[in-house]
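This report describes one chain, beginning with its nonpolar interior and then turning to a charged side chain and its surroundings. Please keep the sequence and the model in view while reading.

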Amino acid sequence: MSTRPPPARPPEVVFDDRVHSASIGTLATAFCVGGMLTLLAFQTARASSNAIPAGPADGAPLMRAPLQVVAPVDLQRYAGLWHEQARLPNRFQKPCAGGTVTAEYIVREDGNVQVFNRCTTAEGRVEEAVGVARVVPVTGQPGAGRLEVSFAPEWLRWLPMVWGDYWILKLDREYEVALVGTPDRRYLWVLSRAAQLDDTALQAELDYARSLGFDVDKVERTGT
């Protein structure tokens with residue numbers, strides 16, 4: 001009678017605390033990191049859904065078309081005396097508390113334009129600022145109404161920072177009413193040959209300025 005060998009015992013499973021602890025630690029770390037990333041993504045999406053759309057009030061840039069200037073402009077016809085009818089408030093015209101504000105332009109022999117801005121203060125004094133304007137060439141638009149103005153002393157006019165934009169945005173055929181502004185839409189003026197522009201004509205200019213993106217609700221009317 002043959003004797004069978006005893007059945008083989010299964011291999012003994014050795015529980016290694018270090019291995020299992022490391023595995024558990026890895027899983028726990030992965031779970032925590034995953035949870036944090038999920039929470040962060042949820043909060044970001046929630047914040048985005050509750051965000052107020054960007055607009056002029058918060059200073060966010062707007063997708064607006066670049067402003068176009070009148071072309072061509074005959075500077076000889078444009079020269080002469082203009083009466084300011086309305087403007088967006090600006091720091092350099094704060095002393096102009098009276099009703100009379102004028103701009104006079106004289107074309108010089110060198111092609112530049114001499115500028116004389118005058119206004120009446122609350123005390124009745126006449127303030128005058130003398131400057132010069134120069135034409136900025138526009139490719140494909142000869143005679144375009146894009147100018148730069150400087151009221152700095154002549155010896156400082158080589159500095160780009162002393163020049164400000166002066167864009168003629170609208171001009172009637174008779175050169176009687178002009179809408180002038182800057183490409184950043186921070187400055188705006190309505191000028192007319194007449195000392196007093198009727199309300200309908202002035203409102204038409206302001207409506208057009210609004211269509212260009214200017215905040216005409218802040219406009220001050222300055223015509224006498």
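## The nonpolar cores

In this predicted model, the largest nonpolar core has 21 residues, and those with the most contacts inside it are Val73, Tyr78, Tyr105, Tyr166, Ile168, Leu171 and Leu191. Several elements contribute to this core, with at least two residues each from helix H2 (75-78), strand S2 (101-107), strand S3 (113-120), strand S5 (146-150), strand S6 (164-171), S7 and S8. The largest share, three residues, is supplied by S6.

A second core, separate from the one just described, consists of 19 residues, among them Ala144, Leu179, Leu188 and Leu202. As for tyrosine 105, when residues up to four places away in sequence are not counted, its partners include Tyr78, Tyr166 and Leu191, each of which is also listed among the residues with the most contacts inside the largest core. Tyrosine 105 further touches Ala79, Gly80, Trp82, Val113, Gln114 and Val115.

## The chain as a whole

The chain contains three helices and nine strands, and their order along the sequence is α-α-β-β-β-β-β-β-β-β-α-β. Of its 224 residues, 31% count as buried, while the accessible surface comes to about 15200 Å², with 60% of that area belonging to carbon and sulfur atoms. Among contacts between residues at least 6 apart in sequence, 49% join residues at least 24 apart.

## Arginine 185, a buried charge

Arginine 185 is located in the loop that runs between strand S7 (177-181) and strand S8 (188-192). Although this arginine is buried, it has no salt bridge, and the nearest side chain of opposite charge, that of aspartate 184, lies 7.8 Å away. The side chain of arginine 185 does, however, reach the backbone oxygen of leucine 212 at 2.6 Å.

Leaving aside neighbours within four places in sequence, arginine 185 is in contact with Arg64, Ala65, Leu67 and Leu88, and also with Leu212, Gly213 and Phe214.

## Glycine 213 and its loop

Glycine 213 belongs to the loop between helix H3 (199-211) and strand S9 (220-221). Is this glycine buried, partly exposed or exposed? Its relative accessible area is 26%, and glycine 213 is therefore classed as partly exposed, since that class begins where the buried one, under 20%, ends.

With neighbours within four places in sequence left aside, glycine 213 is in contact with Arg64 and Arg185. Its C-alpha atom is separated by 9.7 Å from that of aspartate 184, a residue 29 positions apart from it along the chain.

Definitions and conventions
Residues are numbered from 1 along each chain as its sequence is written. This is a predicted model: local features need pLDDT of at least 70, side-chain atom pairs count only at pLDDT 80 or more; totals for chains, interfaces and linings use all residues. Side-chain values use heavy atoms; hydrogens and water are left out. Helices (H or I, at least four residues) and strands (E, at least two) are DSSP runs, numbered from the N terminus. Buried means under 20% relative accessible area, exposed over 50%, partly exposed in between (1.4 Å probe, protein chains only). Lys and Arg count as positive and Asp and Glu as negative; His and the chain ends are not counted. A salt bridge is a side-chain nitrogen of Lys or Arg within 4 Å of a carboxyl oxygen of Asp or Glu. A polar contact is a pair of N or O atoms within 3.5 Å; within protein, one must be able to donate a hydrogen and the other to accept it, and residues adjacent in sequence count only if both atoms are side-chain atoms. Contact means heavy atoms within 4.5 Å. Accessible areas come from the Shrake-Rupley method with a 1.4 Å probe; for residues, only the protein chains shown count as cover. A nonpolar core is a set of buried Ala, Val, Leu, Ile, Met, Phe, Trp, Tyr and Cys residues joined through side-chain atoms within 4.5 Å.
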